[in-house]
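The exercises below are meant to be worked through with the model open beside the text. Try each task before reading its solution.

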Amino acid sequence: MSNTEALPLLEPETSDAVAPCCPPLTERPLTAEEAERTATMFKALGDPVRLRLFSLIASHAGGEACVCDISDVGVSQPTVSHHLKKLKDAGLLTSERRGTWVYYRVEPSVVAAMGQMLRTFG
């Protein structure tokens, strides 16, 4: 006889610390804080492995992927973890532990704000 109980899935926590990066560049000059936050995000995406990981997560069903599904990017697992941490620290990803795996999700509000900022030159 099994004593297992199905637990409900929790929605990922929303982080109040993650804020859109900046206004459109043609709207007004960036403040020092906005420039710092924006540079951190673009710097995080400036590494080819991080950009690839970000793309794998963003293009995965639902914009969310288990680390077990995205770790084959040509570098070791500790290096993948390092790059995912950099993307998370930059505010581009959120994560949630489910059992032994960590699931990563793109932070849509930040990505939309970055796109809006760049769209002004299009």
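**Exercise 1. Work out the order in which helices and strands follow one another along the sequence.**

Solution. In this predicted model, reading along the sequence gives the pattern α-α-β-α-α-β-β-α. The elements of that pattern amount to five helices and three strands. As for how much of the protein is shielded, buried residues make up 32% of its 122 residues.

**Exercise 2. Compare the span of helix α1 with the span expected at 1.5 Å a residue, and then find where its buried residues lie.**

Solution. Begin with the length: helix α1 covers residues 32-45, which is 14 residues, and at 1.5 Å a residue these should span 20 Å. The end C-alpha atoms are 20 Å apart, so the expected and the computed span agree.

Next, list the buried residues of α1, which are Glu34, Thr38, Met41, Ala44 and Leu45. Seen down the axis of α1, these buried residues fall within an arc of 125 degrees, and therefore they line one face of the helix. Finally, look at the face of α1 that is turned away from this buried side, where the exposed residues Ala32, Glu36 and Lys43 are carried.

**Exercise 3. Carry out the analysis for helix α2, and identify the residue that caps its N-terminal end.**

Solution. Helix α2 consists of twelve residues, 48-59, and from its first C-alpha to its last it reaches 16 Å, close to the 16 Å expected at 1.5 Å a residue. Its buried residues are Val49, Arg50, Leu53, Phe54 and Ile57. They line one face of the helix, because their directions, seen down the axis of α2, fall within an arc of 135 degrees. On the other side of α2, the exposed residues are Pro48 and Ser59.

The last step concerns the N-terminal end of α2, which is capped by Asp47: a side-chain oxygen of this residue lies 2.9 Å from the backbone nitrogen of Val49.

**Exercise 4. Determine the strand order of the sheet, and follow the pairing from residue to residue.**

Solution. The three strands form an open sheet with the order β1-β3-β2 and antiparallel pairing. The edge strands are β1 (64-66) and β2, each of which pairs on one side only. From one strand to the next, the twist averages 25 degrees.

Now take the two pairings in turn. Strands β1 and β3 pair in the antiparallel sense over three bridges, and on β3 the bridge partner of Cys66 is Tyr103. Strand β2 (residues 93-98) is joined to strand β3 (residues 101-106) by six bridges, and these two strands also run antiparallel. Within this pairing, Leu93 has Val106 as its bridge partner in β3, Thr94 stands opposite Arg105, and Ser95 is partnered by Tyr104.

Between the strands of the β2 and β3 hairpin there are two residues, and Gly99 takes a positive phi near 65 degrees there.

**Exercise 5. Which side chains of β3 are buried, and which are not?**

Solution. Start from the general rule that in a regular strand the side chains alternate between the two faces of the sheet. Strand β3 shows this alternation: Val102, Tyr104 and Val106 point to one face and are buried, whereas Trp101, Tyr103 and Arg105 point to the other face and are not buried.

**Exercise 6. Classify Cys66, Cys68 and Met117 by their relative accessibility, where buried means under 20% and exposed means over 50%.**

Solution. Cys66 has a relative accessibility of 2%, and therefore counts as buried. Cys68, at 36%, falls between the two limits, so it counts as partly exposed. To complete the picture of the cysteines, note that the structure holds zero disulfides.

Met117 is found in helix α5 (residues 108-119), and because its relative accessible area is 5%, Met117 is buried. A last step is to look at its separation from Pro24: the two residues are 93 residues apart along the chain, yet 3.9 Å separates their C-alpha atoms.

Notes
Residues are numbered from 1 along each chain as its sequence is written. This is a predicted model: local features need pLDDT of at least 70, side-chain atom pairs count only at pLDDT 80 or more; totals for chains, interfaces and linings use all residues. Side-chain values use heavy atoms; hydrogens and water are left out. Helices (H or I, at least four residues) and strands (E, at least two) are DSSP runs, numbered from the N terminus. The expected span of a helix is 1.5 Å times one less than its number of residues. Buried means under 20% relative accessible area, exposed over 50%, partly exposed in between (1.4 Å probe, protein chains only). The arc is that of the directions from the helix axis to the C-beta atoms. A polar contact is a pair of N or O atoms within 3.5 Å; within protein, one must be able to donate a hydrogen and the other to accept it, and residues adjacent in sequence count only if both atoms are side-chain atoms. Two strands pair if DSSP finds at least two bridges between them. A disulfide is a pair of cysteine sulfur atoms within 2.5 Å. Axes are lines fitted to C-alpha atoms, for helices over the stretch in contact, and angles run from 0 to 180 degrees between N-to-C directions.
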